[in-house]
2 protein chains.
Amino acid sequence: MNVVKVMVNGLPGSMAQTVAQQILQDERFKLLPYSLTGPEIQESRCTVETTALELIAPDKRESRIAQIKQSEGPFLTADYTHPSAVNANADFYCNCGLPFVMGTTGGDRSLLEQTVRSSSIAAVIAPNMAKQIVGFQAMMEYAADNFPGLFQGYSLEITESHQKGKADTSGTAKAVVRYFNKLGIPFAEESIVQIRDPKIQQSRLGIPEKYLSGHGWHTYTLVSPDSTVRFEFTHNVNGRKIYAAGTLDALLFLSDKITAAEKARVYSMIDVLRGV
Amino acid sequence: MNVVKVMVNGLPGSMAQTVAQQILQDERFKLLPYSLTGPEIQESRCTVETTALELIAPDKRESRIAQIKQSEGPFLTADYTHPSAVNANADFYCNCGLPFVMGTTGGDRSLLEQTVRSSSIAAVIAPNMAKQIVGFQAMMEYAADNFPGLFQGYSLEITESHQKGKADTSGTAKAVVRYFNKLGIPFAEESIVQIRDPKIQQSRLGIPEKYLSGHGWHTYTLVSPDSTVRFEFTHNVNGRKIYAAGTLDALLFLSDKITAAEKARVYSMIDVLRGV
């Protein structure tokens with residue numbers, strides 16, 4: 001298998017750093033020592049592990065990318081930048097012929113897909129790069145579509161815990177509520193219990209101290225009307241590594257698609273999961 | 001909606017009793033005061049709640065069923081008898097034109113289906129009547145078929161607890177192991193942790209005392225290679241009510257099929273779940 005060359009854009013941002021680290025540690029990949037960065041970034045260099053990278057400011061990216069393409073040959077791009085940059089970056093990637101994995105959320109998503117579909121490149125676009133969580137949601141969606149009313153009469157409790165700064169309710173939990181609604185449970189998003197207090201997170205949930213600042217824990221509990229049956233589904237994520245791992249899977253998937261000469265195609269994480 | 005008339009066979013057996021009780025409590029059904037029973041049963045009567053039922057011994061069933069059909073009109077049958085009676089009972093139901101839900105396990109299952117398919121009746125045949133457990137297994141099967149390798153690298157622990165008398169490993173847990181194998185985890189059936197000690201069940205798992213003699217608790221725990229991600233799926237069943245509830249759902253489903261004049265058809269619990 002050929003080594004997959006990747007440029008991670010969005011350094012020195014923390015998600016971009018986590019992805020760059022995992023790429024450095026994985027022999028299936030080669031990290032290119034460059035990263036497109038935002039206009040607010042003053043530094044022109046940054047270090048991931050022991051690798052020094054050049055941070056490329058917006059006004060220099062067109063000329064630098066042309067040079068890098070010449071010296072490195074074809075490569076893939078992973079975008080962990082900023083919601084406000086999503087559409088402009090996609091335009092840039094499409095114009096330069098850089099296939100990309102878009103790990104950044106926000107922006108105009110339908111325009112984003114349209115940009116790729118009218119270009120000559122392929123891209124993986126996913127609002128959630130955590131492969132196993134996406135798989136769990138797909139299982140729930142399958143049940144909701146095929147077994148409506150399966151949990152009719154059951155009571156439901158949903159608890160989610162995230163770092164103190166997160167103001168809104170977990171998007172994953174809200175999506176799962178919609179599946180449970182189809183499964184026969186009239187549960188409102190507002191009934192999701194949000195835990196944001198680090199003391200409770202540590203003492204009651206047992207979340208490790210180092211992850212108080214970055215975690216996503218979810219538990220769904222179903223109890224039958226006569227209380228004799230209890231189902232519980234839990235997915236607890238600490239830190240960002242699961243998203244980086246999913247990004248690497250998406251990059252390998254995209255690399256296969258490029259080899260197969262796919263163009264103007266948008267893939268989702270479900271496509272990556274299916275692996276076809 | 002017409003009331004569905006049901007004869008529950010296998011009284012005074014405990015599963016048949018649980019089903020008969022739930023039928024008595026549900027106004028969508030009418031319990032016929034008769035039950036086919038085995039040759040070893042001495043009694044000719046039995047009481048469920050306050051309803052007295054006639055127990056019909058094998059040598060009298062042909063003539064009694066003919067009389068009952070004449071007096072009651074069409075009715076459905078739920079079979080909770082004995083593995084050794086499964087095939088002979090199915091023959092009898094098919095010959096007498098009694099559509100049935102087969103809740104009894106064992107016997108020659110492929111012959112059982114064949115018997116129905118070459119008859120003029122329809123039947124629901126399910127080794128597991130717990131609708132929500134069947135639904136959970138279907139979700140796992142969907143993931144296994146569509147997202148092979150989803151949990152590659154994850155470690156897996158499976159713990160199941162059942163009443164002291166149960167010698168073999170949970171069949172549900174073994175089925176779920178096969179799905180996890182497809183999902184990328186090389187886990188052997190023998191690694192399933194079986195708990196059969198009532199003391200541990202009470203103190204460590206917190207199983208209520210009244211259910212120590214009849215329960216099926218299952219927990220599947222998945223941990224990512226770097227330990228940052230944890231998934232846990234639990235389904236805990238106390239007593240037999242979930243199976244009785246599923247039997248009632250299967251009876252309603254079968255009643256609709258009879259109304260639609262379906263014949264020579266075998267339905268599974270998945271069909272009941274789909275409701276189509």
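Q: In this predicted model, which residue has a side chain joined to that of Thr221(B) by a polar contact of 2.9 Å?
A: The model is a predicted one, and in it Thr221(B) is found in strand β11 of chain B, which covers residues 215-223. Leaving aside residues up to four places away in sequence, Thr221(B) touches several others, among them Arg230(B), Phe231(B) and Glu232(B). The side chain that shares the polar contact of 2.9 Å with the side chain of Thr221(B) belongs to Glu232(B).

Q: Is Thr221(B) buried or exposed?
A: A residue counts as buried when its relative accessible area is under 20%. The relative accessible area of Thr221(B) is 14%, and therefore this residue is classed as buried.

Q: Which strands of chain A stand at the edges of the open sheet of 6 strands?
A: The strands of this open sheet, which pair in the parallel sense, follow the order β2-β1-β6-β7-β8-β13 in chain A. An edge strand here has a single partner strand, so one of its sides is left without a neighbour in the sheet. In chain A, this applies to β2 and β13.

Q: By how many degrees are neighbouring strands of this sheet turned against each other on average?
A: The sheet in question is the open one of chain A, with the order β2-β1-β6-β7-β8-β13. With direction ignored, the average turn between its neighbouring strands is 25°.

Q: Which residue in β6(A) stands opposite Val8(A)?
A: Strand β1(A) spans residues 4-9, of which 5 of 6 are buried. This strand is paired in parallel with β6(A), residues 76-79, over 4 bridges. Opposite Val8(A), the residue in β6(A) is Ala78(A).

Q: What is the handedness of the β-α-β crossover from β1(A) to β2(A)?
A: Strands β1(A) and β2(A) run parallel and are joined by 3 bridges, with Val6(A) having Leu31(A) as its bridge partner in β2(A). Between these two strands the chain passes through helix α1(A), residues 14-24, and the crossover is right-handed.

Q: At about what angle to β7(A) does helix α3 of chain A run?
A: Helix α1(A) lies across β1 and β2 of chain A and runs at about 160° to β1(A). Helix α3 of chain A, made of residues 86-96, lies across β1, β6 and β7 of that chain, and its angle to β7(A) is about 170°.

Q: Which residue in β13(A) is the bridge partner of Ala123(A)?
A: Strand β8(A), residues 122-125, runs parallel to β13(A), and 3 bridges join the two. Within β13(A), the bridge partner of Ala123(A) is Val266(A).

Technical notes:
Residues are numbered from 1 along each chain as its sequence is written. Chains are lettered from A and ligands numbered from 1 in the order in which they are written. This is a predicted model: local features need pLDDT of at least 70, side-chain atom pairs count only at pLDDT 80 or more; totals for chains, interfaces and linings use all residues. Side-chain values use heavy atoms; hydrogens and water are left out. Buried means under 20% relative accessible area, exposed over 50%, partly exposed in between (1.4 Å probe, protein chains only). Two strands pair if DSSP finds at least two bridges between them. A crossover is right-handed if, with the strands pointing away from the viewer, the path from the first strand over the helix to the second runs clockwise. Axes are lines fitted to C-alpha atoms, for helices over the stretch in contact, and angles run from 0 to 180 degrees between N-to-C directions. Contact means heavy atoms within 4.5 Å. A polar contact is a pair of N or O atoms within 3.5 Å; within protein, one must be able to donate a hydrogen and the other to accept it, and residues adjacent in sequence count only if both atoms are side-chain atoms.
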